[in-house]
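Here is a walk through one protein model, written for someone who has it open on the screen. Keep the viewer handy and click along.

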Amino acid sequence: MTETAAVAVEAFQPTEYIEGNFDAGLLLLCDHACNSVPPGYGDLGVPKEQFERHIGYDIGARAVTLELAHRLRAPACLSTFSRLLIDPNRGEDDPTLIMRLSDGAVVPGNAKVDEAERAYRIEQFHKPYHDMVDRTLDAMLEKSEPPAVVSIHSFTPVWRGVPRPWHATVLWDSDPRAVKPMLEGLRAQDGLVVGDNEPYDGALKNDTMYRHATRRGLSQVLLELRQDLIADEAGVLEWADRLEPILRDIARRPDCRKVQHYKSRTEID
(Lines give C-alpha, C1' and ligand atoms only; values in the text may rest on other atoms or scores of the structure.)
Protein backbone atom coordinates (compact mmCIF):
# COMPACT_ATOMS: atom_id res chain seq x y z
CA MET A 1 0.00 0.00 0.00
CA THR A 2 1.34 3.44 -0.95
CA GLU A 3 1.79 6.22 1.59
CA THR A 4 -1.13 8.11 0.01
CA ALA A 5 -3.37 5.05 0.27
CA ALA A 6 -2.36 4.51 3.89
CA VAL A 7 -3.32 8.09 4.72
CA ALA A 8 -6.72 7.55 3.07
CA VAL A 9 -7.27 4.39 5.09
CA GLU A 10 -6.33 6.02 8.37
CA ALA A 11 -8.71 8.92 7.66
CA PHE A 12 -11.59 6.46 7.27
CA GLN A 13 -13.94 6.33 10.28
CA PRO A 14 -14.65 2.62 10.92
CA THR A 15 -17.41 3.12 13.49
CA GLU A 16 -20.73 4.85 13.93
CA TYR A 17 -22.04 5.62 17.39
CA ILE A 18 -25.63 6.61 18.16
CA GLU A 19 -26.06 8.38 21.47
CA GLY A 20 -28.70 7.13 23.84
CA ASN A 21 -29.59 6.91 27.49
CA PHE A 22 -27.11 4.79 29.42
CA ASP A 23 -29.97 3.69 31.68
CA ALA A 24 -32.16 2.56 28.74
CA GLY A 25 -31.48 -1.08 29.60
CA LEU A 26 -30.41 -1.95 26.06
CA LEU A 27 -27.31 -1.66 23.89
CA LEU A 28 -27.97 -2.17 20.18
CA LEU A 29 -25.23 -3.50 17.91
CA CYS A 30 -25.00 -3.80 14.14
CA ASP A 31 -21.86 -5.66 13.06
CA HIS A 32 -22.56 -5.62 9.32
CA ALA A 33 -24.23 -2.25 8.88
CA CYS A 34 -22.42 -0.98 5.77
CA ASN A 35 -20.79 -2.11 2.54
CA SER A 36 -18.15 0.65 2.32
CA VAL A 37 -14.47 0.06 1.67
CA PRO A 38 -11.82 2.65 2.61
CA PRO A 39 -10.39 4.55 -0.41
CA GLY A 40 -6.97 2.96 -0.03
CA TYR A 41 -8.45 -0.46 -0.80
CA GLY A 42 -10.41 0.50 -3.89
CA ASP A 43 -13.07 -2.13 -4.52
CA LEU A 44 -10.98 -5.15 -3.45
CA GLY A 45 -11.28 -6.25 -7.08
CA VAL A 46 -14.94 -7.09 -6.56
CA PRO A 47 -17.67 -5.84 -8.96
CA LYS A 48 -19.93 -3.18 -7.47
CA GLU A 49 -23.02 -5.38 -7.66
CA GLN A 50 -21.41 -7.91 -5.32
CA PHE A 51 -21.23 -5.28 -2.59
CA GLU A 52 -25.00 -4.88 -2.86
CA ARG A 53 -25.48 -8.54 -1.91
CA HIS A 54 -25.44 -10.05 1.56
CA ILE A 55 -21.75 -10.83 1.18
CA GLY A 56 -21.07 -7.09 1.36
CA TYR A 57 -23.27 -6.27 4.35
CA ASP A 58 -26.51 -7.14 6.13
CA ILE A 59 -29.19 -5.51 3.98
CA GLY A 60 -31.62 -3.47 6.06
CA ALA A 61 -29.94 -4.12 9.39
CA ARG A 62 -28.54 -0.60 9.83
CA ALA A 63 -31.90 1.05 9.15
CA VAL A 64 -33.68 -1.19 11.66
CA THR A 65 -30.97 -0.55 14.26
CA LEU A 66 -31.20 3.23 13.82
CA GLU A 67 -34.99 3.22 14.00
CA LEU A 68 -35.00 1.14 17.18
CA ALA A 69 -32.27 3.25 18.77
CA HIS A 70 -34.37 6.36 18.11
CA ARG A 71 -37.59 4.86 19.49
CA LEU A 72 -35.99 3.28 22.54
CA ARG A 73 -33.55 6.14 23.24
CA ALA A 74 -30.89 3.44 23.46
CA PRO A 75 -27.23 3.74 22.45
CA ALA A 76 -26.13 1.86 19.36
CA CYS A 77 -22.75 0.80 17.96
CA LEU A 78 -22.39 0.13 14.24
CA SER A 79 -19.51 -0.71 11.92
CA THR A 80 -19.07 1.33 8.73
CA PHE A 81 -17.02 -1.07 6.57
CA SER A 82 -17.90 -4.07 4.45
CA ARG A 83 -17.36 -7.49 5.91
CA LEU A 84 -15.49 -8.31 2.69
CA LEU A 85 -12.68 -6.15 4.11
CA ILE A 86 -12.75 -7.80 7.54
CA ASP A 87 -15.61 -9.32 9.51
CA PRO A 88 -16.19 -7.67 12.92
CA ASN A 89 -18.38 -10.59 13.97
CA ARG A 90 -15.43 -12.98 14.02
CA GLY A 91 -12.64 -13.48 16.51
CA GLU A 92 -9.22 -12.21 15.54
CA ASP A 93 -7.97 -15.79 15.14
CA ASP A 94 -10.96 -16.98 13.09
CA PRO A 95 -9.97 -18.30 9.63
CA THR A 96 -13.05 -16.58 8.12
CA LEU A 97 -12.05 -13.16 9.45
CA ILE A 98 -10.90 -12.08 5.97
CA MET A 99 -12.60 -14.01 3.19
CA ARG A 100 -10.90 -14.84 -0.11
CA LEU A 101 -14.08 -16.44 -1.44
CA SER A 102 -17.56 -15.48 -0.24
CA ASP A 103 -20.66 -17.29 -1.50
CA GLY A 104 -19.07 -17.93 -4.88
CA ALA A 105 -17.57 -14.45 -5.26
CA VAL A 106 -13.78 -14.27 -5.45
CA VAL A 107 -12.25 -11.35 -3.54
CA PRO A 108 -8.95 -10.57 -5.35
CA GLY A 109 -8.02 -7.85 -2.85
CA ASN A 110 -7.87 -10.50 -0.13
CA ALA A 111 -5.95 -13.12 -2.10
CA LYS A 112 -2.51 -12.10 -0.86
CA VAL A 113 -3.33 -10.91 2.64
CA ASP A 114 -0.35 -11.81 4.83
CA GLU A 115 -0.01 -11.63 8.62
CA ALA A 116 1.12 -8.00 8.49
CA GLU A 117 -1.92 -6.94 6.44
CA ARG A 118 -4.21 -9.05 8.63
CA ALA A 119 -2.84 -7.31 11.73
CA TYR A 120 -3.20 -3.92 10.04
CA ARG A 121 -6.88 -4.49 9.20
CA ILE A 122 -7.55 -5.68 12.73
CA GLU A 123 -5.91 -2.56 14.17
CA GLN A 124 -7.57 -0.10 11.76
CA PHE A 125 -11.10 -1.53 11.54
CA HIS A 126 -11.90 -4.56 13.69
CA LYS A 127 -10.39 -3.27 16.94
CA PRO A 128 -11.95 0.24 16.85
CA TYR A 129 -15.41 -1.28 16.53
CA HIS A 130 -14.94 -3.58 19.50
CA ASP A 131 -13.25 -0.86 21.52
CA MET A 132 -16.33 1.32 20.96
CA VAL A 133 -18.61 -1.45 22.20
CA ASP A 134 -16.41 -1.97 25.28
CA ARG A 135 -16.33 1.75 26.08
CA THR A 136 -20.09 2.02 25.74
CA LEU A 137 -20.75 -0.97 27.97
CA ASP A 138 -18.29 0.30 30.57
CA ALA A 139 -20.10 3.64 30.63
CA MET A 140 -23.52 1.99 30.86
CA LEU A 141 -22.43 -0.28 33.70
CA GLU A 142 -21.06 2.72 35.56
CA LYS A 143 -24.34 4.60 35.14
CA SER A 144 -27.00 1.95 35.69
CA GLU A 145 -27.92 -1.70 36.00
CA PRO A 146 -26.40 -3.98 33.34
CA PRO A 147 -28.08 -3.68 29.92
CA ALA A 148 -29.23 -6.43 27.62
CA VAL A 149 -27.12 -6.57 24.46
CA VAL A 150 -29.12 -6.85 21.23
CA SER A 151 -27.43 -7.46 17.88
CA ILE A 152 -29.32 -6.89 14.61
CA HIS A 153 -28.46 -8.91 11.47
CA SER A 154 -30.23 -9.99 8.29
CA PHE A 155 -30.20 -13.17 6.19
CA THR A 156 -31.04 -14.15 2.62
CA PRO A 157 -34.45 -15.65 1.74
CA VAL A 158 -32.74 -18.35 -0.34
CA TRP A 159 -29.38 -20.03 0.24
CA ARG A 160 -27.80 -22.13 -2.51
CA GLY A 161 -31.15 -22.69 -4.13
CA VAL A 162 -32.94 -23.69 -0.92
CA PRO A 163 -35.70 -21.34 0.32
CA ARG A 164 -35.56 -20.33 3.96
CA PRO A 165 -39.00 -20.39 5.56
CA TRP A 166 -38.37 -18.00 8.46
CA HIS A 167 -39.28 -14.34 8.66
CA ALA A 168 -37.03 -13.86 11.67
CA THR A 169 -34.73 -16.05 13.72
CA VAL A 170 -33.08 -15.77 17.10
CA LEU A 171 -29.51 -16.91 17.59
CA TRP A 172 -28.09 -17.62 21.00
CA ASP A 173 -25.52 -19.58 22.94
CA SER A 174 -26.42 -20.62 26.51
CA ASP A 175 -28.01 -17.56 28.17
CA PRO A 176 -31.82 -17.75 27.71
CA ARG A 177 -32.82 -14.60 29.60
CA ALA A 178 -33.42 -12.23 26.68
CA VAL A 179 -33.90 -15.02 24.15
CA LYS A 180 -37.06 -16.43 25.71
CA PRO A 181 -39.06 -13.17 25.66
CA MET A 182 -37.83 -12.41 22.15
CA LEU A 183 -38.97 -15.79 20.83
CA GLU A 184 -42.27 -15.60 22.69
CA GLY A 185 -42.91 -12.05 21.53
CA LEU A 186 -42.27 -12.86 17.89
CA ARG A 187 -44.19 -16.12 17.92
CA ALA A 188 -47.22 -14.38 19.40
CA GLN A 189 -47.53 -12.28 16.22
CA ASP A 190 -49.81 -13.67 13.54
CA GLY A 191 -48.29 -15.06 10.38
CA LEU A 192 -44.65 -15.09 11.44
CA VAL A 193 -42.40 -18.11 11.01
CA VAL A 194 -39.73 -17.74 13.68
CA GLY A 195 -36.55 -19.80 13.88
CA ASP A 196 -34.56 -20.77 16.95
CA ASN A 197 -30.83 -20.94 16.14
CA GLU A 198 -31.63 -21.05 12.42
CA PRO A 199 -30.13 -20.83 9.83
CA TYR A 200 -26.97 -20.61 11.97
CA ASP A 201 -26.00 -21.65 15.48
CA GLY A 202 -25.50 -18.72 17.84
CA ALA A 203 -22.59 -20.32 19.69
CA LEU A 204 -19.44 -18.95 18.06
CA LYS A 205 -16.38 -18.43 20.20
CA ASN A 206 -14.95 -14.91 20.16
CA ASP A 207 -17.70 -13.48 18.00
CA THR A 208 -19.26 -10.15 19.02
CA MET A 209 -21.80 -11.56 21.46
CA TYR A 210 -19.29 -13.92 23.04
CA ARG A 211 -16.77 -11.13 23.43
CA HIS A 212 -19.06 -8.44 24.82
CA ALA A 213 -22.01 -10.23 26.41
CA THR A 214 -21.13 -13.82 27.30
CA ARG A 215 -17.78 -12.96 28.87
CA ARG A 216 -19.33 -10.10 30.85
CA GLY A 217 -22.36 -12.12 31.98
CA LEU A 218 -24.79 -9.78 30.22
CA SER A 219 -28.13 -10.97 28.86
CA GLN A 220 -28.13 -11.06 25.10
CA VAL A 221 -30.00 -11.85 21.92
CA LEU A 222 -28.91 -11.85 18.28
CA LEU A 223 -31.79 -11.22 15.92
CA GLU A 224 -31.71 -12.23 12.25
CA LEU A 225 -34.35 -10.66 9.99
CA ARG A 226 -34.97 -11.83 6.44
CA GLN A 227 -33.39 -9.17 4.27
CA ASP A 228 -36.19 -8.79 1.73
CA LEU A 229 -38.56 -7.88 4.57
CA ILE A 230 -36.46 -4.90 5.67
CA ALA A 231 -35.07 -3.75 2.32
CA ASP A 232 -37.21 -0.59 2.19
CA GLU A 233 -38.55 2.00 4.60
CA ALA A 234 -41.96 0.38 4.93
CA GLY A 235 -40.39 -2.93 5.94
CA VAL A 236 -38.05 -1.25 8.39
CA LEU A 237 -40.93 0.55 10.10
CA GLU A 238 -43.03 -2.62 10.18
CA TRP A 239 -40.29 -4.57 11.90
CA ALA A 240 -39.49 -1.74 14.28
CA ASP A 241 -43.18 -1.83 15.27
CA ARG A 242 -42.90 -5.57 15.85
CA LEU A 243 -39.70 -5.38 17.86
CA GLU A 244 -40.15 -2.22 19.92
CA PRO A 245 -42.57 -3.66 22.54
CA ILE A 246 -40.54 -6.85 22.86
CA LEU A 247 -37.34 -4.92 23.50
CA ARG A 248 -39.07 -2.63 25.98
CA ASP A 249 -40.21 -5.73 27.84
CA ILE A 250 -36.67 -7.15 27.86
CA ALA A 251 -35.29 -3.86 29.20
CA ARG A 252 -37.76 -3.99 32.11
CA ARG A 253 -37.06 -7.57 33.15
CA PRO A 254 -34.97 -7.81 36.34
CA ASP A 255 -33.30 -11.04 35.21
CA CYS A 256 -32.13 -9.32 32.00
CA ARG A 257 -30.66 -6.43 33.97
CA LYS A 258 -28.10 -8.25 36.08
CA VAL A 259 -24.78 -9.98 35.60
CA GLN A 260 -25.16 -13.74 35.43
CA HIS A 261 -22.60 -15.97 33.77
CA TYR A 262 -23.57 -18.89 31.54
CA LYS A 263 -20.89 -21.17 30.20
CA SER A 264 -20.66 -20.97 26.42
CA ARG A 265 -21.47 -24.11 24.47
CA THR A 266 -18.20 -23.50 22.63
CA GLU A 267 -16.39 -24.31 25.86
CA ILE A 268 -18.24 -27.49 26.74
CA ASP A 269 -16.36 -30.67 25.84
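What follows covers the strands, one long-running helix, the salt bridges and two individual residues.

First, the ground rules. This is a predicted model, so local features need pLDDT of at least 70 and side-chain atom pairs count only at pLDDT 80 or more, while totals for chains, interfaces and linings use all residues. Residues are numbered from 1 along each chain as its sequence is written, and side-chain values use heavy atoms, with hydrogens and water left out.

**Strands**

Let's begin with strand E6, residues 148-155. Helices (H or I, at least four residues) and strands (E, at least two) are DSSP runs, numbered from the N terminus. Is E6 buried or exposed? It is mostly covered, with 8 of its 8 residues buried; buried means under 20% relative accessible area, exposed over 50%, and partly exposed in between, using a 1.4 Å probe and protein chains only. In a regular strand the side chains alternate between the two faces of the sheet. In E6 both faces are covered: Ala148, Val150, Ile152 and Ser154 are buried on one side, and Val149, Ser151, His153 and Phe155 are buried on the other.

Which strands does E6 pair with? One partner is E2 (residues 26-30), parallel to E6 over 4 bridges. Another is E11 (residues 220-226), also parallel, over 7 bridges. Two strands pair if DSSP finds at least two bridges between them. For landmarks on the E2 side, Leu26 sits opposite Ala148 and Leu27 sits opposite Val149. Towards E11, look for His153 opposite Glu224.

E2 gets similar cover: 5 of its 5 residues are buried, so the rest of the structure largely encloses it. Leu26, Leu28 and Cys30 are buried on one side, with Leu27 and Leu29 buried on the other. E2 also runs parallel to strand E3 (residues 76-79), joined to it by 3 bridges. There, Leu29 faces Cys77.

**Helix H4**

Now for H4, residues 115-143. Its 29 residues should span 42 Å at 1.5 Å a residue, and the end C-alpha atoms are 39 Å apart, which agrees; the expected span is 1.5 Å times one less than the number of residues. H4 does have a kink to look at, bending by about 40° at Ile122. That bend is the angle between axes fitted to the seven residues ending there and the seven starting there. At the N-terminal end, Asp114 acts as a cap, with a side-chain oxygen 3.3 Å from the backbone nitrogen of Ala116.

**Salt bridges**

How many salt bridges are there? The count comes to 17, taking a salt bridge as a side-chain nitrogen of Lys or Arg within 4 Å of a carboxyl oxygen of Asp or Glu. Side chains of opposite charge can pair when their charged atoms come close. Here are some of them:

| Pair | N to O distance |
|---|---|
| Glu67 and Arg71 | 2.8 Å |
| Lys127 and Asp131 | 2.8 Å |
| Glu244 and Arg248 | 3.0 Å |

Glu67 and Arg71 are 4 residues apart in helix H3 (residues 61-72), about one turn of the helix. Lys127 and Asp131 are likewise 4 residues apart, this time in H4, separated by about one helical turn. Glu244 and Arg248 are 4 residues apart too, in helix H7 (residues 233-252). An α-helix has 3.6 residues a turn, so residues three or four places apart point the same way.

As for exposure, Glu67 is partly exposed at 21% relative accessible area, whereas Arg71 is buried at 18%. In H4, Lys127 is partly exposed at 31%, and Asp131 is partly exposed at 24%. Over in H7, Glu244 is buried at 18%, while Arg248 is partly exposed at 32%. Two of the tabulated pairs belong to something wider: Glu67, Arg71, Asp241, Glu244 and Arg248 are linked in a network of salt bridges.

**Two residues to click on**

His54 lies in the loop between helix H2 (48-51) and H3. His54 is buried, with a relative accessible area of 16%. What does His54 touch? Not counting residues up to four places away in sequence, His54 touches Ile59, Arg83, Asp103, Thr156, Trp159 and Gln227, where contact means heavy atoms within 4.5 Å.

Ser102 belongs to strand E4 (residues 101-102) and is buried at 11% relative accessibility. With the same sequence neighbours left out, up to four places away, Ser102 touches Ile55 and Leu84.

Methods. Polar contact = N/O pair within 3.5 Å; in protein donor to acceptor, adjacent residues only side chain to side chain.
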